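Trainee: I've got a model open and I'd like to test how its labels are earned. Can you walk me through it?

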Amino acid sequence: MRKRRAKKRVLLPDPKFNDQLATRFVNNLMWDGKKSVAFKVFYDALDIVEQKKEDEEKTALEVWKDGLSNVMPHVEVRSRRVGGATFQIPMQIRPDRKVSMAIKWMILYARKRNEKTMAQRLAAEILAAAKEEGAAVKKRVDTHKMAEANKAFSHFRF
């Protein structure tokens, strides 16, 4: 950008749990500006998680947060051209990007599931992520493997 950096907008916490991260998740889940529909899908998914969870002392919100932290990547590869060749260079990820990648992956792979409603798909993906299985966790593992495989090029870091 030519001018200064854009200001971070403050998100309002969600009405049910009073949590900003939940609002951030719902904003990514939302399609066509239908925020109330996205909130309904999210809350229905957490209700399903509440019924199906194995760990009784944890709430559905804690299970969701655990699943999200299990999906968060720590390193990623970035492309860098050095002398006509393109190298995949492993780099650390800043904390806000970790969260946004985890949210996007969880929603993407929930949408690809085969359950009937989006709330059921999201609940199944949350439960799978909390157990460290499922497609979103596999994506994180693949990202880490890619970074590990390209560790030899880490001296090209910029």
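Trainee: Which elements do the buried residues of α6 pack against?

Mentor: Keep in mind that this is a predicted model. The buried residues of α6 are in contact with two strands, β1 (75–82) and β2 (85–92), and with the helices α3 (60–71), α4 and α5.

Trainee: Which residues of α6 are buried?

Mentor: Ala136, Val137, Arg140, Thr143 and Ala147. Buried is the word for a relative accessible area under 20%, so these five residues of α6 fall below that cut-off.

Trainee: What puts them on the same side of α6?

Mentor: The arc they cover around the axis is only 120°, and therefore they sit on the same side of α6. Over on the other side, Lys138, Lys145 and Ala149 are exposed.

Trainee: How do you know that the span of α6 agrees with what a helix of 15 residues should give?

Mentor: Take 1.5 Å times one less than the number of residues. For the 15 residues of α6 (residues 135–149) that should come to 21 Å, and the end C-alpha atoms are 21 Å apart, so the two agree.

Trainee: Why is Arg9 called exposed?

Mentor: Exposed starts over 50% relative accessible area. Arg9 has 80%, so the label fits. As for where Arg9 is, look in the segment before α1.

Trainee: Which pocket does Arg9 help to line?

Mentor: The largest pocket, which is lined by Lys8, Arg9, Leu11, Arg24, Asn27, Arg94, Asp96, Arg97, Ser100 and Lys104. Two elements, α1 (20–29) and α4 (95–111), give two or more residues to that lining, and the largest share, four residues, comes from α4. The volume of the largest pocket is about 310 Å³.

Trainee: How many residues of that lining are charged?

Mentor: Seven are charged, next to two polar and one nonpolar. Asp, Glu, Lys and Arg count as charged, so Lys8 and Asp96 are among them.

Trainee: And the second largest pocket: how many nonpolar residues are in its lining?

Mentor: Seven, with four charged and no polar residues. Met and Trp count as nonpolar, so Met30 and Trp31 of this lining belong to that class. The largest share of the lining, three residues, comes from α2; α2 (35–52) and α5 (118–130) each supply at least two. The second largest pocket holds about 170 Å³.

Conventions. Residues numbered from 1 in each chain as written. Predicted model: local features only at pLDDT ≥ 70, side-chain atom pairs only at ≥ 80, totals over all residues. Heavy atoms only, no water. 1 Å grid on protein atoms, 1.4 Å probe; cavity = no way out; pocket = protein on both sides within 12 Å on 5 of 7 lines; lining within 4 Å. Points joined across faces, edges and corners; volume = space filled by probe spheres on them. Buried < 20%, exposed > 50% of the residue type's maximum accessible area, 1.4 Å probe, protein only. Arc of directions from axis to C-beta. Contact = heavy atoms within 4.5 Å.
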